Amino acid sequence: MKSRYKKIMALGLCAVFASLSAVAGLHANGSLEAKATEINQETDSEETGVDETEDTNDEDSTSDNGMIYVIADADGNTREVILSNLVKESVEEDSDSSYKMDQNDIKVLDTDDNEIAYSKDIEEEIPVDLAVSYTLDGQSISADELAGKSGHVTIRYDYTPLKYETVTIDGKKEEMAVPFMMLTGMILDDDNFTNVEVSNGKVIDDGSRTIAVGFALPGMSDDLNLDSDTLELPEYVEISADVTDFEMSNVVTMASNEIFNEVDEDKLDDVDELSDAMEALTDGMDKLLDGSSALYDGVGTLLDKSDLLIDGVDKLTGGSKELSEGAKTLANGADDLADGAAKVDAGASDLKKGASKLSDGADSLNAGIKEAYEGAGDLADGAAQLDSGLSQLSGNSQALNAGAKQVFDSLLSAASSQLAQAGITITLTADNYSDTLSYLISQVGESSQEGQTLASLKSQLDAYNTFYQGLLSYTDGVDSAADGASSVSSGAAGLEGGLSKIYSGSDTLKDGVDALYKGTKSLKSGTSQLSDGADKLSEGAKTLSKGSKKLYSGILKMDESTPALKKGIEKLYDGAMQLDEGLQKYNDEGIEKLDDEVSGNLVDVITRVRAMIDISQSYSAFSLGDDTSLSFIYETDAIETEE
C-alpha cells in the first residue's frame with residue numbers, strides 16, 4: 001500500500017525538477033524585493049491617466065495568473081508581502097482606456113494585448129509560515145554569525161500551515177490544512193560549498209556552482225491520518241554541506257497547490273480494482289494451499305506403505321534364497337540317486353533328511369511368498385491412491401497458473417498506472433518491467449527519494465515474479481509426478497499379479513515336497529521304484545534349481561533397490577512438507593496481511609485525499625477569485641560577509 005500513498009510524492013518530485021531552471025533564473029535576475037522597487041520607480045515616473053470612475057474589478061475582466069512574493073530575512077521572518085497579478089480586460093480597440101488606481105497600486109496598461117499587469121503591497125495572511133535555522137558543526141548559530149565561518153553547515157527550512165478548513169470525515173468534523181507543496185531552491189558557489197546534500201530533493205552541480213532543491217508537504221501526514229510506519233511524508237527541507245568562508249545568495253521557496261488541483265479524482269476509484277485483484281489473489285492462494293496439502297497427504301501415504309513393501313521384499317528374498325539352495329541340494333541328491341542302485345540305500349537316509357529340510361524350506365518359502373503377495377496388494381493400493389491424488393492435483397495446475405498470471409498482470413497494470421501518474425507512460429510486462437525500472441532508477445539515482453520508490457516497486461514485482469516462476473515449476477513437477485505415479489500404479493498391479501502366480505506355484509511346490517518326503521519313507525521298500533523316481537527327480541530338480549536361481553537373482557535385485565526407493569520417497573515427503581509449510585507461512589505473513597491493508601486503511605486515506613483535493617481546489621485568497629492560479633514565492637535574504 002506504500003506505493004499507493006507515494007503517488008503524491010512522485011508528483012512532487014516531478015515539480016521539483018521542473019522548478020530548477022526557474023530558481024536559477026530568479027537568482028540571475030536579482031532579488032524579488034529589488035525587482036519590485038524597480039517597477040515602483042518606473043511606474044511613479046509615468047503618466048498613467050487616472051480615471052476615478054472606473055475599477056479593475058469589472059465583470060468582463062478575468063484574472064489569469066497571480067503571484068505572491070514574500071520578502072523575508074535570512075531567518076524566514078516576513079518583512080513584506082507583494083501581490084503581482086496579470087489581468088486580461090475586454091478593451092474596445094479605439095477607446096481611451098484608463099483604470100482606477102489607489103495609493104498602493106501600480107498598473108501598466110498594454111492595450112495591444114488587452115492585458116493589465118499590476119502589483120501592490122498586501123497585509124493578508126499567507127497560507128504557510130517559513131522558518132529557517134542554521135547549525136555549524138552541530139551547534140546552533142544565527143544567520144549573521146554564520147557569515148564567513150567554515151565547517152559543516154546544516155540549513156533547515158520548516159514550514160507551518162496557517163490556513164485550515166473544516167471537513168467531514170466519516171460523519172465527524174475535522175480541521176484540515178489547505179495543502180501546499182513547498183519547493184526550496186538555492187544556488188551555491190562550488191568555491192565555498194562541497195559535499196552538498198539535500199533531503200527530499202535533488203542536487204545538480206554544473207562544475208562551478210551547485211543547485212540544490214528540496215520539497216516538503218507540510219501538514220499532509222496529519223490531513224491523511226497516515227501511520228509513520230506505513231508512509232512518512234516530508235515536513236521540512238534540510239540542506240547540509242562542508243563550507244569554507246560561508247556566504248550564500250538569496251534563497252527562493254515556492255509554495256503551490258497546483259499539483260493538487262490537477263489531480264483527477266476519478267483515478268482514485270482504482271481502489272475497487274485493487275480490492276478485486278486482492279480477492280482473486282486470496283482465492284488462488286487458497287486453491288494452492290489445498291493442492292499442497294493434498295500432495296503432502298498423498299506422499300505421506302506412499303511413505304507409510306513403502307515399509308510394508310520393503311518388509312515383503314526382504315522376506316521374499318530370504319525365502320527365494322532358501323528355495324534356490326534347497327533346489328540345488330535336491331538336484332545334487334537326485335544325481336547321486338541315479339548313479340547306482342548300490343548307493344540308494346545309504347543315500348535314501350540322506351535323502352530323507354534332505355527331504356525333511358526341503359519340506360521345512362517349502363513351508364518357509366510358502367509363508368514368505370504369501371506375505372510378499374499381501375505386501376504387493378498394499379503397494380498396489382497405495383500406488384493407486386498416489387496416482388489418484390496426483391492426477392487430481394495435476395488437474396488444478398492450469399487454474400493455479402492462470403490465477404497467478406492474472407494477479408501478476410494486475411500488479412504490473414497497477415505499477416504502470418502509478419508511473420503514468422508520475423508522468424512516465426509505459427506499459428510494464430513480465431518481460432520488460434525489470435529492465436525498465438532499473439533504467440529509471442539509474443536515471444534518477446538509487447539514493448534519491450524517487451529512486452527508492454522505484455526500487456521498492458521493482459522489489460515487490462521481483463518477489464511476486466519469483467513466486468510466479470516457482471509456481472510454474474511446481475505445477476510442471478506435479479504433472480510429471482502424476483505421470484510417474486500412473487506408471488508406478490501399473491507396475492504395482494503387475495507385481496501383485498506376478499506374486500499371485502508365484503504364491504500359487506509355491507503351494508504346488510510345497511505339495512510336491514511333502515509328497516517327496518513321504519516317498520523317501522517308502523524308499524527302502526523298493527529300489528526299482530526308487531531308481532525310476534530318482535531319474536524323474538533329477539530332471540525336475542535341475543529345472544527347479546535353474547528356476548529358483550533366476551527367481552532369487554531377480555528378487556535380490558529388487559531387494560537391493562528398495563532402500564533407494566524409500567530414500568526417494570522420503571525426499572519427496574520432506575519436499576512436500578516444506579512446500580506446504582512455506583506456502584502456509586507466505587499466506588499468513590504476506591497475502592493475508594496485504595489483504596487486510598487493502599481492505600482497511602486505504603479506504604480512509606482515499607476519503608481524506610478527496611477532501612484535501614476539494615479544499616485545495618476551492619481555496620481562494622487575496623480577492624483574486626476562484627479562476628486565479630496562485631503561487632507564493634518566498635525570498636530570504638542573502639548571507640554575506642562584510643567587506
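How many bridges join strand 10 to strand 13, and in which direction do the two strands run? Select residues 181-189 for strand 10 and residues 209-216 for strand 13. Eight bridges join the pair, and the strands run antiparallel. This is a predicted model, so read every stop below as a computed feature of that prediction.

**Strand 10 and its partners**

Stay with strand 10 and pick Thr 184. Its bridge partner in strand 13 is Gly 214. Next, add residues 251-256, which form strand 15. Strand 15 is joined to strand 10 by five bridges, and this pairing is antiparallel too. To see where the two strands face each other, select Met 182, which stands opposite Ala 255 of strand 15. Now turn on the surface over strand 10. Eight of its nine residues are buried, leaving the strand mostly covered.

**The start of strand 13**

Go back to strand 13 and select Arg 209 together with Asp 206. Their side chains meet in a salt bridge, at 3.3 Å from N to O. Arg 209 is partly exposed, because its relative accessibility is 33%.

**The other salt bridges**

The structure holds ten salt bridges. One of them joins the side chains of Asp 637 and Arg 79, with an N to O distance of 2.6 Å. This pair links distant parts of the chain: Arg 79 belongs to strand 2 (residues 78-88), while Asp 637 is in the segment after strand 16 (629-636), and the two positions lie 558 residues apart in numbering. Colour both by accessibility. Asp 637 has a relative accessible area of 22% and is therefore partly exposed; Arg 79, at 44%, also counts as partly exposed.

Then select Asp 363, Lys 510 and Asp 514 together. These residues are linked in a network of salt bridges.

**Helix 9**

Select residues 397-421 to show helix 9. Which residues does Ser 397 touch, leaving out those up to four places away in sequence? Thr 475, Val 478 and Asp 479 are the ones to display. Ser 397 itself lies in helix 9 and is buried, because its relative accessible area is 5%.

Further along the helix, select Lys 405 and Asp 409. Their side chains form a salt bridge at 3.1 Å, N to O. The two residues are separated by about one helical turn, because they are four residues apart in helix 9. Lys 405 is partly exposed at 42% relative accessible area, and Asp 409 is partly exposed at 39%.

**The nonpolar cores**

In soluble globular proteins, nonpolar side chains tend to be buried together. Here, the largest nonpolar core has 62 residues. Select Tyr 134, Tyr 157, Phe 246, Met 248 and Tyr 634, which have the most contacts inside this core. Add helix 13 (residues 601-618), which gives the most to the core, with six residues.

Centre the view on Phe 246. Apart from neighbours within four places in sequence, its contacts include Leu 146, Ala 147, Gly 148, Lys 149, Val 153 and Ile 155. Phe 193, Ile 639 and Thr 641 are also in contact with Phe 246.

For the last stop, select Leu 457, Leu 461, Tyr 464 and Val 478. They are among the 22 residues of another core, which lies apart from the largest one. Val 478 has already appeared on this tour, as one of the residues touched by Ser 397.

Note on methods
Residues are numbered from 1 along each chain as its sequence is written. This is a predicted model: local features need pLDDT of at least 70, side-chain atom pairs count only at pLDDT 80 or more; totals for chains, interfaces and linings use all residues. Side-chain values use heavy atoms; hydrogens and water are left out. Buried means under 20% relative accessible area, exposed over 50%, partly exposed in between (1.4 Å probe, protein chains only). Two strands pair if DSSP finds at least two bridges between them. Contact means heavy atoms within 4.5 Å. A salt bridge is a side-chain nitrogen of Lys or Arg within 4 Å of a carboxyl oxygen of Asp or Glu. A nonpolar core is a set of buried Ala, Val, Leu, Ile, Met, Phe, Trp, Tyr and Cys residues joined through side-chain atoms within 4.5 Å.
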